[in-house]
Amino acid sequence: MGKDVIVACDFASAEQTFAFLDKFTGRKPFVKIGMELYYAEGPAIVKEIKARGHKIFLDLKLHDIPNTVKKAMAVLRNLDVDITNLHAAGATAMMQGALEGLTREDGTRPLLIAVTQLTSTDQETMERDILIREPIDQVVMHYAKTAKNAGLDGIVCSPLEAAKVHDTCGKEFLTITPGVRFADGEVGDQKRVMTPAQAKEIGSDYIVVGRPITAAADPVAAYERCIAEFCD
Ligand code: C5P
């Protein structure tokens, strides 16, 4: 898989999701299914979107004891998604268990990506609530290295961190970056943003784009603009 634009389908129901996806009559976007949609509609939504020919990033961010995560991943592997994820804070044994659970009998598996420190957690929150006192950028880079050493394929990070992650963990280690906005678009609640063109320049492997596409007057045109800026 090469560079691609992943559309965050942050919808509350299958009905809304399909009303959105039905607009795409040409190129089929890579779709991110998150907790809201998955918990509302269950595994059926994944199978239906897959059957329509979309690639899928199942963003459920697993975090539990290694045995539980391994068994959960062994269920998810049957959904035939392309990418899934977990929290690096679950540590090495959990990540290795996840990889084991995710690997099918024929040796294939979805890509497995780690979430490092959520962007909603800042330095102050980290120090106060979880007693992590190192600078947050060092914490993110440490999680990235731990994920790489555990055998994972990449991390979710800000586009601003993508170049450093590649320097630290190698070009092959994937960076999936949300927080993307068009130069002339609304920023909304995202704090540190980049355009698709800037994300390409800095070396992001995949950009995750939600509202700039889902809330656009013409979502297909907004998606094609992302593709043109990021992939072409
Ligand atoms: O609408 P928007 O483009 O901001 O959507 C970005 C998507 O990426 C959302 O699904 C959001 O939950 C996700 N995400 C994020 N920042 C992170 C991790 C995930 O925005 N650090």
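**Figure 1. H5 passes H7 in a right-handed crossing.** The model shown is predicted. Helix H5 covers residues 91–102, and helix H7 covers residues 136–150. The two helices pack with their axes 9 Å apart, at an angle of about 45°. That angle makes H5 oblique to H7. On the H5 side the contact is made by Thr92, Met95, Gln96 and Leu99, and on the H7 side by Thr146, Ala147 and Ala150. The contact of H5 with H7 has no charged residues; by class it holds 4 nonpolar and 3 polar residues.

**Figure 2. Helix H7 also packs against helix H8.** H8 runs over residues 159–169. The axes of H7 and H8 lie 10 Å apart, and the angle between the helices is about 45°. H7 is therefore oblique to H8. Their crossing is right-handed. From H7, the residues in contact are Asp137, Val140, Met141, Ala144, Lys145 and Lys148. H8 contributes Glu161, Lys164, Val165, Thr168 and Cys169. By class, the contact of H7 with H8 divides into 5 nonpolar, 1 polar and 5 charged residues.

**Figure 3. Helices H1 and H3 cross at roughly 15°.** H1 spans residues 14–21 and H3 spans residues 43–51, and their axes come within 11 Å. Angles under 35 degrees count as roughly parallel, so H1 and H3 are roughly parallel to each other. The crossing of H1 past H3 is right-handed. Ala14, Thr17, Phe18 and Leu21 of H1 make the contact with Ile45, Glu48 and Ile49 of H3. The residues of this contact divide into 5 nonpolar, 1 polar and 1 charged.

**Figure 4. The largest pocket holds about 1,200 Å³ of space.** Its lining is formed by 41 residues. Those lying nearest the centre of the pocket are Leu118, Thr119, Ser120, Pro178 and Gln190. Helices and strands that each supply at least two lining residues are listed here by type. The helices are H2 (35–41), H7 (136–150) and H8 (159–169). The strands are E2 (30–34), E3 (56–62) and E8 (206–209). H7 and H8, the pair shown in Figure 2, thus both appear in this lining. By class, the lining of the largest pocket has 16 nonpolar, 12 polar and 13 charged residues.

**Figure 5. The second largest pocket holds about 170 Å³ of space.** Its lining includes Arg181, Phe182, Asp184, Gly185, Glu186, Val187 and Gly188. Arg211, Pro212, Ala215 and Arg225 also line the second largest pocket. The lining divides into 4 nonpolar, 2 polar and 5 charged residues. Phe182, Val187, Pro212 and Ala215 are in the nonpolar class, and Gly185 and Gly188 count as polar. The charged residues are Arg181, Asp184, Glu186, Arg211 and Arg225.

Technical notes. Residues numbered from 1 in each chain as written. Predicted model: local features only at pLDDT ≥ 70, side-chain atom pairs only at ≥ 80, totals over all residues. Heavy atoms only, no water. 1 Å grid on protein atoms, 1.4 Å probe; cavity = no way out; pocket = protein on both sides within 12 Å on 5 of 7 lines; lining within 4 Å. Points joined across faces, edges and corners; volume = space filled by probe spheres on them. Helix = DSSP H or I, 4+ residues; strand = E, 2+ residues; numbered from the N terminus. Axes fitted to C-alpha atoms, helices over the stretch in contact; angles between N-to-C directions. Parallel < 35°, antiparallel > 145°, perpendicular 65-115°, else oblique. Left-handed = near helix turned anticlockwise from the far one by under 90°. Contact = heavy atoms within 4.5 Å.
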